[in-house]
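Trainee: Got a minute to go through this one with me? I'd like to ask my way through the fold.

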Amino acid sequence: MSGGPEILVMDPYRPYAVSYIELAARRYGVRTVAYYTDLPRMRRYRPDFPTLTGPLVSASYAVGEHELDRFAEVLRERHWIVGVVPYMEPSLASSTRLAELLGLSWAQPGVLELFRDKAALKEHLRSVPGGPRINRTCRVATPDDVLDAVGTGGYPRYVLKPNDGFGNSRIGFFDAATPRAELDEYFAAVGADVLMEEFVEGPELFVDGQVDEQGRAIVYSVWQYDRAAVNGRANVSMGQRTVHRDDPLFAPCATYAAAVMEASGLRRSPFHLELKVDDEGPCLIEVGARLAGGYLAHLDDRAHGALDTLGAAMHHYLFDDAYGDYGLDWDHYDATVVGLVNGVSTQSGRIWSRSGLEAAERVPGFVRWTKRPGFGDRVQPTVDILSQPWQVAVECRDADDYARAAREIRDAIAFRAGGQGPRATAGRYLALAGPAWREARGRLARGATPRPLDD
């Protein structure tokens with residue numbers, strides 16, 4: 001049996017997870033039980049985070065996909081779990097199940113599951129009397145299902161996406177004239193659990209915030225995407241920036257996001273809600289019951305000055321009482337524009353040549369790299385946020401200044417990957433040295449291999 005209270009974190013080889021682990025120990029004296037669902041990935045990435053093999057982690061377990069019930073028994077026997085922390089989208093389902101099995105007050109059966117089932121969530125929101133606007137949707141498993149829906153006349157333009165997807169990945173844009181062969185190709189790549197939804201025109205934005213213990217939504221920020229057609233995809237994110245309160249989009253987006261979150265029934269959770277705005281106003285695209293991904297939570301903090309997004313989220317994961325002052329300073333928020341500039345790759349292979357990184361760092365407004373292109377990094381043509389080769393955080397005077405900084409940073413950065421010829425071949429061999437060392441370091445770190453449940 002452990003000697004004190006602990007939190008539970010799945011696959012914590014990410015910066016947010018480590019920040020949560022360190023915050024729980026520093027602020028509450030709570031250590032962490034880590035559980036890993038993919039040991040090869042754990043061995044590859046865990047060496048980047050010494051915290052995960054240090055004293056703040058009281059135990060580590062290897063847990064198979066169908067072992068959650070058994071894992072809950074082990075946790076009850078050996079540990080005192082006071083909270084689960086679903087810091088990323090893939091961890092929400094198992095965190096929800098374990099919270100319920102362990103009897104934690106944060107558990108919300110029938111509610112949290114909606115946030116990994118896009119079709120069910122939109123159906124629920126559509127059923128709420130006086131609830132927020134929701135576009136037309138249906139669940140489809142085959143191209144025939146799609147064509148039947150198109151035949152109703154309700155989907156002149158539509159989007160197909162994995163029903164439990166995230167990261168703007170594997171999304172297809174179609175219309176009533178799309179050939180059957182294109183639909184066959186999409187389902188062959190994605191599978192049968194697909195959401196079909198009416199296409200919504202207009203700018204795309206997102207809203208970050210926190211739902212408190214009473215189910216009230218506290219909005220932290222409104223952001224607008226900069227999207228472009230790249231590599232055959234119509235909506236690749238080139239970056240995103242904060243929207244000030246005097247922008248006509250701010251108030252309707254903030255109000256709509258709060259209405260969606262409160263209609264969902266969620267409580268004690270951060271949220272990241274994506275929407276589009278057309279002539280009828282805001283309309284939900286999708287929403288996650290988690291922090292905004294990447295570095296965005298830290299930029300929400302920077303926008304307000306005194307906001308602590310991870311601290312507020314951690315309090316609500318652990319306790320069912322009020323957090324207190326969230327530290328929102330809207331005058332500070334309106335004084336600058338913070339944002340991310342996303343890199344785009346048209347190449348495949350490992351980076352064997354790169355230039356312009358120091359020049360990018362000298363661009364006025366540059367704050368830091370959130371993903372620095374490394375020698376030997378594997379890249380592929382960018383089609384979603386998971387395939388971006390680099391990313392930079394910026395702070396600028398206004399939207400025009402953000403556009404200027406983004407342009408100058410992109411103009412500065414160049415890299416080569418793959419390729420032919422002696423120079424490219426030599427570069428690829430040298431580039432492999434970094435990944436090879438990383439793999440070797442991972443093997444050396446196996447002394448802290450997670451224990452199996454029956455150990």
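What follows is a set of questions and answers on this predicted model.

Trainee: Let's start inside. Which residues have the most contacts inside the largest nonpolar core?

Mentor: That core has 84 residues. Helix α8 (residues 250-264) gives the largest share of the core, nine residues. Apart from it lies another core, of 21 residues, with Val341, Leu357, Trp369 and Val379 among them. Inside the 84-residue core, the residues with the most contacts are Phe115 and Met261.

Trainee: And which residues does Met261 touch, if we skip those up to four places away in sequence?

Mentor: One of its partners is already familiar, as Met261 touches Phe115. The full list for Met261 is Phe115, Val211, Ala217, Leu266, Phe271, Leu273 and Val287.

Trainee: On to the open sheet of four strands. Which strands stand at its edges?

Mentor: Read off the order first: β5-β8-β6-β7, with antiparallel pairing. An edge strand has a single partner, so one side of it is left without a neighbour in the sheet. That describes β5 (137-140) and β7 (172-175).

Trainee: Which residue in β8 is the bridge partner of Leu160?

Mentor: Strand β6 (residues 157-162) and strand β8 (residues 194-198) run antiparallel, with five bridges joining them. Look across to β8 from Leu160 and the bridge partner is Met196.

Trainee: Which helix lies across β5, β6, β7 and β8, and at about what angle does it run to β6?

Mentor: Before the helix, note the sheet's own twist, which averages 25° from one strand to the next. The helix across those four strands is α7 (residues 180-190), and its angle to β6 is about 20°.

Trainee: Is Cys138 in strand β5 buried, partly exposed or exposed?

Mentor: Cys138 has plenty around it: leaving aside neighbours within four places in sequence, its contacts are Ala149, Tyr155, Val194, Leu195 and Met196. Its C-alpha atom is also 6.8 Å from that of Ala119, 19 residues apart along the chain. Buried would need a relative accessible area under 20%. Cys138 has 21%, so the call is partly exposed.

Trainee: Same kind of question for Thr96: buried or exposed?

Mentor: Thr96 sits in helix α4 (residues 92-101). Beyond residues up to four places away in sequence, Thr96 touches Trp106, Leu112 and Glu113. Its relative accessibility is 5%, so Thr96 counts as buried.

Trainee: Now the empty space. Which elements give two or more residues to the lining of the largest cavity?

Mentor: There are three cavities of 30 Å³ or more, and the largest holds about 50 Å³ of space. Its lining is made up of Asp208, Gly209, Tyr220, Pro270, Phe271, Leu291, Ala292, Ala297, Asp300 and Thr309. The elements giving two or more of the lining residues are β9 (204-211), β12 (269-278) and α9 (296-304).

Trainee: Last one, on backbone angles. What is phi of Asp11, and what is phi of Arg268?

Mentor: Asp11 is in the loop between β1 (5-10) and α1 (15-28), and at 3% relative accessibility it counts as buried. Arg268 is in the loop between α8 and β12, and it counts as buried too, at 1%. Each has a positive phi in a residue other than glycine. For Asp11 phi is near 40°, and for Arg268 phi is near 55°.

How values were computed: Residues are numbered from 1 along each chain as its sequence is written. This is a predicted model: local features need pLDDT of at least 70, side-chain atom pairs count only at pLDDT 80 or more; totals for chains, interfaces and linings use all residues. Side-chain values use heavy atoms; hydrogens and water are left out. A nonpolar core is a set of buried Ala, Val, Leu, Ile, Met, Phe, Trp, Tyr and Cys residues joined through side-chain atoms within 4.5 Å. Buried means under 20% relative accessible area, exposed over 50%, partly exposed in between (1.4 Å probe, protein chains only). Contact means heavy atoms within 4.5 Å. Two strands pair if DSSP finds at least two bridges between them. Axes are lines fitted to C-alpha atoms, for helices over the stretch in contact, and angles run from 0 to 180 degrees between N-to-C directions. On a 1 Å grid over the protein atoms alone, a cavity is a set of points where a 1.4 Å probe fits but cannot get out, and a pocket is an open set with protein on both sides within 12 Å along at least five of seven lines; lining residues have an atom within 4 Å of a point. Grid points are joined across faces, edges and corners, and a volume is the space filled by probe spheres set on the points.
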